Structure formats: C-alpha cells, structure tokens
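Here is a short briefing on one protein model and its ligand. Look through the sequence and the structure first, then read the points below.

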Amino acid sequence: MISVQDAQTIILDLVTSLQETETIELDQATGRILAEAVTSGLDFPYWDNSAMDGYGVRFEDVNQGDTNQPITLKIVAEIPAGIKPEISIRSGEACRIFTGAMLPDGVDTIIIQEKTQKQGTQVIVLSPPQYCGEFVRKKGNFYQSGDILLSAGTKINEPEMAILATAQCSQVKVYRRPRVAILSTGNELITTTEKLEPGQIIDSNQYALKAFIIKNGGIPISLGIVKDEPALIKQKILEAINTADFVLSTGGVSVGDYDYIDNILLEVGGEISVDSVAMKPGKPLTVAKFDNGCVYFGLPGNPVSALVGCWRLVKLALDKFSGIKGEHKPQLITVKSAHDLSSQGKRETYIWGQLKPVNGEYLFSLAKGQQNSANLINLGLTNALAMLPIGVTKIKEGETVTVLML
Ligand code: AMP
Ligand code: MG
C-alpha cells in the first residue's frame with residue numbers, strides 16, 4: 001500500500017499530455033483546452049476612445065480653469081460610438097462625445113458630462129480635468145498586437161470566450177477530448193430500468209462516473225455492467241482499452257473471491273503500478289498502463305470510494321492528459337471546520353461535506369448522516385472533502401482543516 005502522494009506521483013508519471021488537436025467553431029469551444037497560443041493583429045483598445053459620456057477637449061485649453069473662472073468652449077461636433085470622426089478639434093473647441101466613441105484629432109482628454117454645463121452651442125467646463133488623458137482609453141493600453149493573448153493549455157471558459165471573440169478567432173485549435181470508458185462490475189448490479197430483486201444493487205457508479213468525466217471535459221463511453229465472470233470481464237476490458245484513452249471500472253479490485261480485475265489486467269498485458277492506496281475511503285485502487293498508452297483505473301465498487309478516487313487522483317490524470325497547463329496538484333485549501341471531524345488515523349481520510357461562506361469566511365460542514373463509503377445518499381451537495389492526514393484522529397469544531405475543493 002502506498003501513500004496518496006506517491007500514488008499521485010506515479011499516476012501523473014504514467015500520463016502523457018495529448019498532442020492531437022482539432023479546429024472547432026468558437027461557439028462550440030466552451031470547456032475545451034487551447035492547443036496553441038492565441039495572438040491578435042489588433043491593439044486593444046483598437047483606437048483612442050472615450051471612457052465616458054461627455055466632451056472631448058484639448059487639455060491645455062481647460063487646464064487653467066477653475067470653479068470661479070470656468071472655461072467655455074465651442075461645441076463643433078457630436079461623435080457617437082461607431083463612427084470615424086472626420087473633424088479635428090482646434091484650440092477653443094470641444095466635441096460632444098459618448099462612451100466608446102473614437103477620439104477625433106486634437107482631443108486628448110474627456111470632461112465627463114456631470115462636470116459641464118451646456119449653453120446653446122457652447123459648453124462650460126465647471127472643473128478642470130485631473131490630468132491630460134483623463135477618461136481616455138488609449139489605443140493599445142490593454143494589449144498590443146502580437147503579444148500572447150492566451151497561451152496553449154488554457155481552458156476556455158467565459159472570460160477566455162470574450163477574449164477569443166474580441167480577437168475575432170471564429171475558430172480555435174483545441175486538443176481533442178479524452179475518451180474515457182466506464183465499466184461497472186458485479187453480479188449484484190442492475191440498471192436503472194430493471195426491477196430490483198432482493199439482494200441486488202442499482203448501478204449508480206456508471207452515472208456518477210459519467211458525470212465526473214463530462215464535468216472534466218472527457219467523452220464518456222458507457223460500457224455498462226459486466227458480471228463477475230473472468231471471461232466476460234476480459235472481453236470488456238479488451239474492448240475498453242482498445243477504444244479509450246482511460247478506462248474507469250468499479251468493483252472487483254478488493255480481496256474478495258469475485259475480485260478478478262487485477263489478474264485480468266495482467267493477463268491482457270497491463271502493467272500494474274498501483275494496487276492499493278493508503279486512503280479512506282478508496283483503498284482498493286488498481287492503476288495499470290497498456291502498451292497503446294491507455295491508463296486503467298480499477299476503482300472500488302462502493303459509490304463514495306469510487307468518487308473519492310476520481311476526485312483525488314483520476315482528475316489530475318485527466319487534466320494532464322487533456323493538455324491543461326501548469327502543475328497538476330489537488331486543490332487544497334485550509335478552512336475552519338464547522339464540526340468535529342474524526343478519523344482512525346491509519347489512512348489519509350477524506351470526509352465529505354460542503355464548503356460554505358459564513359460571515360465572510362469559508363467553513364467546512366460535515367455531511368449529515370453516516371460517513372460510510374456505501375452511503376451515497378448523504379453525498380448530495382458535496383463540494384469538498386476534508387482531508388485528515390495519517391496520524392490525525394480528531395479535528396475539533398472551529399479548528400482548521402485542509403479541504404480538497406471539488
Ligand atoms: P466491490 O468493490 O466489487 O467489492 O464492491 C463493493 C460494494 O460496492 C459492493 O457491495 C456493491 O454493493 C457496491 N457496488 C459495486 N459496484 C457498484 C455500482 N456500480 N454501483 C453502486 N454500487 C456498487
Ligand atoms: Mg464486486
């Protein structure tokens with residue numbers, strides 16, 4: 001049995017980042033990972049423009065004014081957003097201008113409308129600007145053409161979408177999505193549509209893992225339920241490793257008489273590098289790699305154990321494979337615990353619950369009900385796992401605890 005940290009290192013070493021890319025329409029790119037750096041031939045702002053509704057002036061004209069002797073300028077033009085001003089503003093003149101409108105020649109400063117008074121064709125500047133260039137968005141101030149806008153390995157979420165759109169990237173080159181086969185093993189399992197007979201269990205893992213894969217940018221390949229029969233499992237595993245980049249199976253990796261996965265993986269050429277991890281829940285975890293690059297995760301059958309293995313370890317492997325840049329490590333933060341937390345202290349223990357903002361700080365609240373790896377019912381709304389290291393048996397209410405954010 002190895003530590004969680006060692007398992008993480010081994011797993012990340014097994015995974016190489018994807019090289020295959022595809023070019024897709026920008027509006028299909030949410031959640032995808034950029035495969036190349038993006039630059040723009042445009043400066044941002046594209047040109048000098050007004051940050052406010054007001055009047056465009058020459059700073060030297062209005063610099064000397066004050067409330068007792070306000071400066072009066074002649075309004076010679078009105079410039080709405082969206083047009084190219086054809087006029088040049090000379091000394092003693094101003095133009096009416098609106099937010100986002102391009103500055104005409106001669107204008108270097110904007111006086112906001114609240115600091116002015118219009119009198120016919122003239123405008124009185126009631127108080128002088130603080131500095132030359134006030135309320136002007138200068139061309140290239142936010143970004144200069146040719147610089148890198150977004151680097152390869154960036155996930156496209158709403159901010160990146162805005163950036164890509166403004167750079168007119170109507171298509172983007174992204175890494176292809178990882179294909180992940182999901183397989184539930186167990187004689188006791190039935191599907192969500194079959195009638196439950198005494199002794200049976202409904203296969204929830206198939207759905208939970210599918211959601212996990214989709215949320216993490218993969219393409220799930222649901223291979224359904226396979227009975228605990230070596231020949232059938234072997235056939236399914238072969239199918240899985242030949243169609244997917246990763247395989248997630250649940251069940252059959254413990255030490256029971258029906259736990260065949262490890263032997264079959266060896267039989268079909270898998271190289272097993274992890275066979276159990278000092279974590280609770282989730283100790284039975286088999287990780288194997290095949291010659292074609294496919295990485296197999298044999299997760300325990302208990303629903304919470306399977307998900308904890310995914311959240312703590314599989315996620316990092318998926319992120320690395322997907323091309324997400326940066327160091328791949330769990331998202332751990334330290335917060336206050338709203339409850340007493342306990343562990344046997346023998347394995348790194350993960351306790352499910354919720355991170356909630358309370359009075360301006362995050363608190364970890366333990367899920368109500370039993371912390372039992374078969375109890376998927378109180379997993380609802382879980383968004384964090386408190387992590388108690390080996391040797392720590394108690395964290396009292398109000399003390400700090402390390403939490404894995406999901
Ligand atoms: P195993 O790891 O195969 O010994 O399974 C451990 C426990 O997890 C079993 O008692 C099953 O009741 C439960 N289990 C196994 N597979 C699933 C599944 N796909 N969905 C829900 N529960 C499962
Ligand atoms: Mg089983």
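**Briefing: chain positions and ligand site**

P70 sits in the loop that runs between α2 (59-62) and β5 (71-79). The model is predicted. The points below take up P70, two further positions along the chain, and then the ligand site.

**P70 and its distant partner**

- P70 has a relative accessibility of 34%. That makes P70 partly exposed, because the value falls between the 20% limit for buried and the 50% limit for exposed.
- L126 is 56 residues from P70 along the chain. In space, the two C-alpha atoms are separated by 5.5 Å.

**W47 and its distant partner**

- W47 also belongs to a loop, the one between β2 (38-39) and β3 (49-50).
- The relative accessible area of W47 is 40%. W47 therefore counts as partly exposed, since 40% is neither under 20% nor over 50%.
- K139 lies 92 residues from W47 in the chain. Their C-alpha atoms are separated by 4.2 Å.

**A181, a strand position**

- A181 is part of strand β13, which covers residues 179-185.
- Is A181 buried or exposed? A181 is buried, because its relative accessible area is 0% and buried means under 20%.
- D43 is 138 residues away from A181 in sequence. The C-alpha to C-alpha distance between A181 and D43 is 45 Å.

**Ligand 1: the pocket and its shell**

- Ligand 1 takes up the space of the largest pocket.
- There are 15 residues around ligand 1. Those that come nearest are I201, D203, G252, G301 and N302.
- What is the make-up of this shell in nonpolar, polar and charged residues? Five are nonpolar, eight are polar and two are charged.

**Ligand 1: polar atom pairs and burial**

- Two of the nearest residues, G252 and N302, also place backbone atoms by ligand oxygens.
- For G252, a backbone N or O atom lies 2.9 Å from an oxygen atom of ligand 1.
- For N302, the distance from a backbone N or O atom to an oxygen atom of ligand 1 is 3.0 Å.
- N205 uses its side chain: a polar atom there lies 3.3 Å from a nitrogen atom of ligand 1.
- Ligand 1 on its own exposes 480 Å², and the protein buries 79% of that area.

How values were computed. Residues numbered from 1 in each chain as written. Chains lettered and ligands numbered in written order. Predicted model: local features only at pLDDT ≥ 70, side-chain atom pairs only at ≥ 80, totals over all residues. Heavy atoms only, no water. Near = heavy atom within 4 Å. Polar contact = N/O pair within 3.5 Å; in protein donor to acceptor, adjacent residues only side chain to side chain. Areas by Shrake-Rupley, 256 points an atom, 1.4 Å probe, with all protein chains shown as cover. 1 Å grid on protein atoms, 1.4 Å probe; cavity = no way out; pocket = protein on both sides within 12 Å on 5 of 7 lines; lining within 4 Å. Sits in = over half its atoms within 2 Å of the grid points. Nonpolar A, V, L, I, M, F, W, Y, C, P; charged D, E, K, R; others polar. Helix = DSSP H or I, 4+ residues; strand = E, 2+ residues; numbered from the N terminus. Buried < 20%, exposed > 50% of the residue type's maximum accessible area, 1.4 Å probe, protein only.
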